[in-house]
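Biologist: I would like to learn how to read a helical model step by step. Could you take me through this one?

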Amino acid sequence: MNWLWAIVVGLVLGLIAKAILPGKQQVPLWLTIILGILGALLGNWAASALGVEHTKGIDWIRHLLQLAGAVILVALGDRLWVGVRGKKHRTT
């Protein structure tokens, strides 16, 4: 069940990250999910390093760090995807 939850969280974070980034991203949905999962892990690591991984109530700081990680990874993933797939597929 943990993997299913990770996929759902990765999908949500990845799609929000794509909505935040300007322009159209060429990253496919499966890669968006993976980058969203990795962004969540990166955000959890950053929250742990800052000492804010567990707070009373909703962990807003941890969630914002997860989203920031997803935005960074989706932006980098898009650049790498376009570089690997070729510039002819890129439309702005």
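Biologist: At what angle do helix 2 and helix 3 pack, and how far apart are their axes?

Modeller: Please keep in mind that this is a predicted model. Two packed helices are described by the angle between their axes and the distance between the axes. Here, helix 2 packs against helix 3 at an angle of about 135°, and their axes are 7 Å apart. That angle makes helix 2 oblique to helix 3, because only angles over 145 degrees would count as roughly antiparallel.

Biologist: Is the crossing of helix 2 and helix 3 left-handed or right-handed?

Modeller: The crossing of helix 2 and helix 3 is right-handed. As for the residues in the contact of helix 2 with helix 3, 14 are nonpolar, 7 are polar and 1 is charged.

Biologist: And how do helix 1 and helix 3 cross?

Modeller: The same two quantities apply, an angle and a distance between axes. The axes of helix 1 and helix 3 cross at roughly 65° and come within 8 Å. Helix 1 and helix 3 are therefore roughly perpendicular to each other, since that class runs from 65 to 115 degrees. The crossing of helix 1 and helix 3 is right-handed.

Biologist: Let me step back to the whole chain. How many helices and strands does the protein chain have?

Modeller: The protein chain has 3 helices and 0 strands, and along the sequence the pattern reads α-α-α. Taken along the principal axes, the C-alpha atoms fill a box of roughly 50 × 25 × 20 Å.

Biologist: What percentage of the residues in the protein chain is buried?

Modeller: The cut-off to know is that buried means under 20% relative accessible area, while exposed means over 50%. Of the 92 residues in the protein chain, 34% are buried.

Biologist: Let me try that on single residues. Is I37 buried or exposed?

Modeller: I37, which sits in helix 2, counts as buried because its relative accessibility is 19%. You can also look at what lies across from a residue in space: I37 and I7 are 30 residues apart along the chain, and their C-alpha atoms are separated by 6.9 Å.

Biologist: What about V71: is V71 buried or exposed?

Modeller: V71 belongs to helix 3. With a relative accessibility of 17%, V71 counts as buried. From V71 to L15, the C-alpha separation is 9.4 Å, with their positions 56 residues apart along the chain.

Biologist: And W30, buried or exposed?

Modeller: W30 lies in helix 2, and W30 is exposed because its relative accessible area is 52%. W30 and G14 are 16 residues apart in sequence, and their C-alpha atoms are 9.9 Å apart in space.

Biologist: Now for pockets. What is the volume of the largest pocket, and which residues are closest to its centre?

Modeller: A useful habit is to ask for the volume and then for the lining. The largest pocket has a volume of about 340 Å³. It is lined by 15 residues, and the closest to its centre are W5, V9, L13, A40 and Q66.

Biologist: Which elements give two or more residues to the lining of the largest pocket?

Modeller: They are helix 1 (2-20), helix 2 (29-50) and helix 3 (60-85). Helix 1 provides the largest share of the lining, 7 residues.

Biologist: How do the lining residues of the largest pocket divide into nonpolar, polar and charged?

Modeller: The lining of the largest pocket has 10 nonpolar residues, 4 polar and 1 charged.

Notes: Residues numbered from 1 in each chain as written. Predicted model: local features only at pLDDT ≥ 70, side-chain atom pairs only at ≥ 80, totals over all residues. Heavy atoms only, no water. 1 Å grid on protein atoms, 1.4 Å probe; cavity = no way out; pocket = protein on both sides within 12 Å on 5 of 7 lines; lining within 4 Å. Points joined across faces, edges and corners; volume = space filled by probe spheres on them. Helix = DSSP H or I, 4+ residues; strand = E, 2+ residues; numbered from the N terminus. Nonpolar A, V, L, I, M, F, W, Y, C, P; charged D, E, K, R; others polar. Axes fitted to C-alpha atoms, helices over the stretch in contact; angles between N-to-C directions. Parallel < 35°, antiparallel > 145°, perpendicular 65-115°, else oblique. Left-handed = near helix turned anticlockwise from the far one by under 90°. Buried < 20%, exposed > 50% of the residue type's maximum accessible area, 1.4 Å probe, protein only.
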